Each structure stands twice: as C-alpha cells, then as structure tokens.
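User: I would like to learn how to read a few features of a protein model. Can we take them one at a time?

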Amino acid sequence: MPDASKKAILVVSFGTSFAETREKTIDAIEKEIADAFPDYQIYRAWTSKMIMAKLLRRDGIKILNVREAMEKMRDDGITDVIVQPTHVINGIENELMTEDALMYQSSFSSITFGNPLLTTEEDNHHVVHTIAAHFSHLREDHEALVLMGHGTTHFSNAIYAALNFKFQDEGFSNIFLGTVEAYPTMDSLLKAVKKTKAAKVILAPFMIVAGDHATNDMAGDDEDSWYTQFKDAGFEVECILKGLGEYPEIRSLFVDHIRTVIS
C-alpha cells in the first residue's frame, strides 16, 4: 500500500460564482470527505470554464480544472487517485472529466472514479426519500413542491423524468421534478401541478448548489422564471434557495460512493 501522504481524493464540481452557496455545498462536501478519509489528501477541481474565469476575474481566486489538478497531484508525488465528482448525473460534464483525468493515467499507479450522485437505483431511492423527508411538512391538500434540475442534451437526462415518476410512485404525489434546459419542462410541470389541489407551490433547486439557475431561472422576477410563471398561473409561490449539497444525507451519499471505490 502507498504511504498515507501518497493517496489523494480529487473532488470535482461544476462550480459556482456564489460564495455563500459554495460554502454550504461544495466546501461542506469536501470537508465531509476529508473527515471521512483522513489518510487521503483532498484536492479540488471544477469543470465550468466560465465560472472559473469569472472567479479569477472578479475575486482573483484561481480554481484548478481537472487537468491542472491532475498535474498538481503528480507534481506533489501522489501515486493513487480517487476522482469523486459532485455532479448530479453521469452526463456531459462527467464524461469530459473522466477523459481529462485518464489522460494522466501513466503518471499514477492508479486512477479510480466514484459515481455521480444518481447512478444506481439505490441512489435514486435514497435521494427521493431524503427530499421527501426534508419536506414532510408539506400539506398534500394545499401545497406542491417543484424541484428544478439542470437538464442536459445527453441521454442521461432521462433520469430526471424517471425520478419525477419515482416521487409519484413512492407516494409523494405533491412532489415534482423538472429541468431548466431539457425534459420534463416547465410546461409539463405546470400541467401536472394544475391537476392537483395545490394552491401554493414551493420551488427548490435540484442542483448541488443554489447558484445562478436557482437565483435567476427559478426565483427571479423575469417573466420566464419559474417563480413568475407559477405566480401568473394563480399559485402562491415560495422559493427555497437550498442546494442539494446542503442536505447531510446527500453529502453522505458522496462519501459512500468513495467507500465503494476503496472497498
């Protein structure tokens, strides 16, 4: 086995330019991983070039991309790397991350990968019941919870529709999941919520961080924001800007994914 100082976990996130949500989500996930695996050095990389450029320009903060992080670990003498994404699904970002990391395969004794948040049926079940438990105070005869996922053109987007169905199938008939950029769409969500008895809609992000999409596309005042569209449809609307990374049960799932790799 390599020395303790030679093993590392690279935590890869999409990133956010919102410092407050980063502290509650990405930072919190990384801390929990560090606490769970004290024999490993923890490194960070982000995948959004736009967010990293904005942070550097606005705040003078340099965040490494995946290739830069792999080079840093190599230069630091790391021999064995576990790459753990905080991505929600195994979509485009995750595939590009994997390709970038594997470019450095010859530089390390081993590179292994933990799963994104939603990979197995057990993951799906865990996340559905985590959300339902945190919103167990919902009045089914009066309120509906609508979750905003990101969405992607990648075929893995099907997980959002599957999870939307799973909420209903597991008996949480007043919880709905849609996406900003794909399917289920805002229109399909509006149709579904209108079929319930709900007079009030609670909006919350189904993303690791409550960043730009949550603040603007979900909770913004623009006419095409989800907040405005539900309000215009006659619903009372409440927005909760709480990313998935703020839920302890979600953070623990990432830790479990690393444990699976190690075992």
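Analyst: Keep in mind that this is a predicted model. Begin with one pair of residues: Leu10 stands opposite Tyr43 in β2.

User: Which strands does this part of the sheet join, and how many bridges are there?

Analyst: Strand β1, residues 7–13, is joined to β2 by six bridges, and the two run parallel.

User: In what order do the strands of the sheet lie?

Analyst: The order is β2-β1-β3-β4, in an open sheet of four strands with parallel pairing. At the edges stand β2 (41–46) and β4 (110–113); each has a single partner strand, so one side of each lacks a neighbour in the sheet. From one strand to the next, the twist averages 20°.

User: Which helices lie on these strands?

Analyst: Helix α4, residues 66–75, packs on the sheet and touches β1, β2, β3 (80–85) and β4. The direction of α4 makes about 155° with that of β2. Helix α11, residues 248–262, lies across β1, β3 and β4 and runs at about 145° to β3.

User: Where are the buried residues of helix α3, and what do they pack against?

Analyst: Look at which residues are buried and then at where they point. In α3 (residues 49–59), Ile51, Met52 and Leu55 are buried. These residues cover an arc of only 100° around the axis, which puts them on the same side of α3. The buried residues of α3 pack against β2. The face turned away from that buried side carries the exposed residues Lys49, Met50 and Arg57. Just after α3 comes Gly60, with a positive phi of about 70°.

User: Which residues of helix α2 are buried, and what covers them?

Analyst: In α2, residues 26–36, the buried residues are Ile26, Ala28, Ile29, Glu30 and Ile33. Their cover includes β1, α1 (19–24), β2, β3 and α11.

User: How many aromatic pairs are there?

Analyst: The count comes to three aromatic pairs. To read a pair, take the distance between the ring centres and the angle between the planes. Tyr160 and Phe206 form one such pair, at 6.5 Å centre to centre with 80° between the planes. An angle over 60 degrees counts as edge-to-face, and this pair is edge-to-face.

User: Where do Tyr160 and Phe206 sit in the chain?

Analyst: Tyr160 is in helix α7 (residues 158–169), while Phe206 is in the loop between β7 (200–205) and α9 (212–218). They are 46 residues apart, and the pair links distant parts of the chain.

User: Are these two residues buried or exposed?

Analyst: Buried means under 20% relative accessible area. Tyr160 has 3%, so Tyr160 is buried. Phe206 has 0% relative accessibility, so Phe206 counts as buried too. Phe230 and Phe235 form another edge-to-face aromatic pair, at 5.9 Å centre to centre and 70° between the planes. Both Phe230 and Phe235 are buried.

User: Where is His154, and is this residue buried or exposed?

Analyst: His154 is in the loop between β5 (143–149) and α7. The relative accessibility of His154 is 9%, so His154 counts as buried.

User: What does His154 contact?

Analyst: Consider the polar contact, then the residues from elsewhere in the sequence. The side chain of His154 makes a polar contact with the side chain of Ser156, at 2.8 Å. Leaving aside neighbours within four places in sequence, His154 is in contact with Asn90, Gly91, Ile92 and Glu95.

Note on methods
Residues numbered from 1 in each chain as written. Heavy atoms only, no water. Pairing = 2+ DSSP bridges. Axes fitted to C-alpha atoms, helices over the stretch in contact; angles between N-to-C directions. Contact = heavy atoms within 4.5 Å. Phe/Tyr/Trp six-rings, centres within 6.5 Å; stacked < 30°, edge-to-face > 60°. Buried < 20%, exposed > 50% of the residue type's maximum accessible area, 1.4 Å probe, protein only. Polar contact = N/O pair within 3.5 Å; in protein donor to acceptor, adjacent residues only side chain to side chain. Arc of directions from axis to C-beta.
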